[in-house]
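Let's take a walk through this structure together, starting with how its chains are arranged and then zooming in on a couple of residues. Keep the picture open while you read.

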Amino acid sequence: MSIITLLTDFGQNDVYVGMMKGVILKINHRANIIDLCHQVQPQNLIQAAFLLETSYSYFPQKTIHVVVVDPGVGSRRKIIAAQSSDFFFIAPDNGVLSWALAREKNLRVVAVENRGYYLPEVSATFHGRDIVAPAAAHLSLGVPLNSFGPAVEFHELKKPHPRVTKRAIRGQVIHIDRFGNLITNIHRDHLDRLSGQINIRVGSALISGLSHYYAQGRPGALVALIGSSGYLEIGRRDGRAADALGIEEKAAFSAQVEVESS
Amino acid sequence: MSIITLLTDFGQNDVYVGMMKGVILKINHRANIIDLCHQVQPQNLIQAAFLLETSYSYFPQKTIHVVVVDPGVGSRRKIIAAQSSDFFFIAPDNGVLSWALAREKNLRVVAVENRGYYLPEVSATFHGRDIVAPAAAHLSLGVPLNSFGPAVEFHELKKPHPRVTKRAIRGQVIHIDRFGNLITNIHRDHLDRLSGQINIRVGSALISGLSHYYAQGRPGALVALIGSSGYLEIGRRDGRAADALGIEEKAAFSAQVEVESS
Amino acid sequence: MSIITLLTDFGQNDVYVGMMKGVILKINHRANIIDLCHQVQPQNLIQAAFLLETSYSYFPQKTIHVVVVDPGVGSRRKIIAAQSSDFFFIAPDNGVLSWALAREKNLRVVAVENRGYYLPEVSATFHGRDIVAPAAAHLSLGVPLNSFGPAVEFHELKKPHPRVTKRAIRGQVIHIDRFGNLITNIHRDHLDRLSGQINIRVGSALISGLSHYYAQGRPGALVALIGSSGYLEIGRRDGRAADALGIEEKAAFSAQVEVESS
């Protein structure tokens, strides 16, 4: 039974995701379709790229990861399919796959151009249903990657890397999760390069040192820790760090986080 | 493996959907249950009928489509099961199935009255769990339609058709999707009857001509196009048409849309 | 095919649930993972315990119920796995399972301490992914309960029982569902002990007698009835009881409900 994951910005209020599942099952009745997340902020490629990068490798080998965040639907942007040693990926070629693909080995990428793997009728506004879903289903049936179209280069999405110096790291918030935790683009590996005790500054708050887990803080206190995906994260015991710091989801990307060795 | 889809107004905050899945799996361990949508506005039959009509046919033949939007639960309204050449359907007999059923061939409809296919104990407030789910599961095991009860006529839900004249069409908004796109009840077939260039008026806005896809507009501009379900849709590049026009989800149905040939 | 249900407070906006599914499928490719609910209010153990207690028994025998609501993640609280005559359960040992376990027979409970059933790398903040999910997957493959660790006592979550006298019951709201229905902790069995006609008082409203179903009330009227899980519930025909009574989800637990025989 092939596993196909879906990561989209379609939300839960429509039948867009449901239609994609129908299309997949019509082609491969035995596909095991798993919702990765459908609440990506509309057209937010960076958030989608981050959510994919931090989750895709937890799935079994040969899983087909489908991403549909597609501000350019209907325009000339390509749909691409990729195969690495371990996984398959399909998405619009807008960079949304690029952070995950950068971690993969023996990567081959093709443009999905063979209309034999499209739905017979292709709309101008829902390629997720009409091209991506059927291509994923055909992949899950074992159709070889190069049957879908010619090898292509794929677009890369600029990654907001933190600025790292010997004594300080300046990064930013990249995602706010349901608990109000601020997830930053500062990775454990960056922090390892700083020596001694560290201080974390975000908004008007100063946090001294790293905690291991949320419950370590005093109730209501902000804590900084390495989150479950390896990135520096600002949380708050029994509360929402985002609320305490006045950082809203829409403006998350402009929130800076500084780490200094003291 | 039988496919059973679920379309409800139960939302995501409760275990109502989960209980229905448990009931189905207890009867048919191998059922493949697919969420179509659970965020139908509470008791909004028109929205549910529309979402079903535009999505059900993307699923494989023999799929069992279950709809539970049931303002009359506990009263004397029937539960009906339907079989066409291609699909099965089960829902309260309040018209929610009628738009989909109108498209199907060789239709047979029965009242689900055989208590042998109910849960042993039937509550007065959750027939989705106690009658609809077990009936769907038994259908998926191959129980013939006429075992569930006698053939009946089913209720039809009045469809808000647009008024069509030679030079103009007056329709209305019928759904607002996650992207703030306004989906109207004006179908591609209606528009084909107008000749020449067309103008679309919605609220205080006037849109000249149809686009093919969202990204065709200037950033922030309203665009009118034929959406992926064949209906006229008002969108906005890099934004939400609903917000730009001040149309809220709850008042969507009162928003009129006029198309004139110029 | 083993069934594994997931009940969490992870919400829909993140990939936390998706990662758990990946981990499970990587260990047991054939697990059938069912979402019970992911919208438990963050860290609300009482709500999670209630949702589990009212739903778990609708699933097939041998279902593995996984709950991750885990305010103490990273601290010394245990992860426990339980087996009864009919079901399996895995969760942090914070009482979230205790209301369901109290209903089960031939109960055995162990601490999940055998690191051979953890992910190789265990984070400090996401034991749902690193310990609970892999343990559930191994259980689904038939690993015996006592392989996971030693038998332990489990924490019990204090249940907010109503105060019951001969002529009156004083309870409280324990959950507000999507329809704005107020679900109380007063069970049908409690009400059976009152004689004669009853009145229900909640906030400033007085409701005379029980209805059988919502549509029995006049439009807009409050109705009291025994809900589908056997608990007294305050609803409102064609509206939201919670809104009519000014009771918000966050303050639900402080809303008292009194039933008196008149």
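Turn chain C by 120°, with 0.0 Å of shift along the rotation axis, and it superposes on chain B with an RMSD of 0.0 Å (the fit is by least squares on the C-alpha atoms of residues with pLDDT of at least 70 in both copies). That is how a three-fold axis relates its copies. The two copies use different surfaces, though: 6% of the contact residues of chain C recur in chain B, where contact means heavy atoms within 4.5 Å.

Before going on, some housekeeping: this is a predicted model, in which local features need pLDDT of at least 70 and side-chain atom pairs count only at pLDDT 80 or more, while totals for chains, interfaces and linings use all residues. Residues are numbered from 1 along each chain as its sequence is written, chains are lettered from A and ligands numbered from 1 in the order in which they are written, and side-chain values use heavy atoms, leaving out hydrogens and water.

So how much do chain C and chain B bury between them? About 2,800 Å², with 59% of it on carbon and sulfur atoms; buried area is the accessible area (1.4 Å probe) that two parts lose on being put together, summed over both. On the chain C side, Tyr58(C), Arg178(C) and Phe179(C) lose the most area to chain B, together 27% of what that side buries. In terms of contacts, 34 residues of chain C meet 35 residues of chain B.

What holds for charges and polar atoms here? The rule finds zero salt bridges across this interface (a side-chain nitrogen of Lys or Arg within 4 Å of a carboxyl oxygen of Asp or Glu). There are, however, eleven residue pairs in polar contact, both at pLDDT 80 or more. A polar contact is a pair of N or O atoms within 3.5 Å; within protein, one must be able to donate a hydrogen and the other to accept it, and residues adjacent in sequence count only if both atoms are side-chain atoms.

Now look at Gln12(C), which counts as buried because its relative accessibility is 18% (buried is under 20% relative accessible area, exposed over 50%, partly exposed in between, with a 1.4 Å probe and protein chains only). Beyond its neighbours within four places in sequence, Gln12(C) is in contact with residues including Gln12(A), Gln12(B) and Gln39(C). Gln12(C) and Gln39(C) are 27 residues apart along the chain, yet their C-alpha atoms are separated by 7.5 Å.

Finally, find Glu53(A), which is buried at 5% relative accessible area. Its side chain makes polar contacts with the side chains of Arg103(A) (2.9 Å) and Lys159(A) (2.9 Å).
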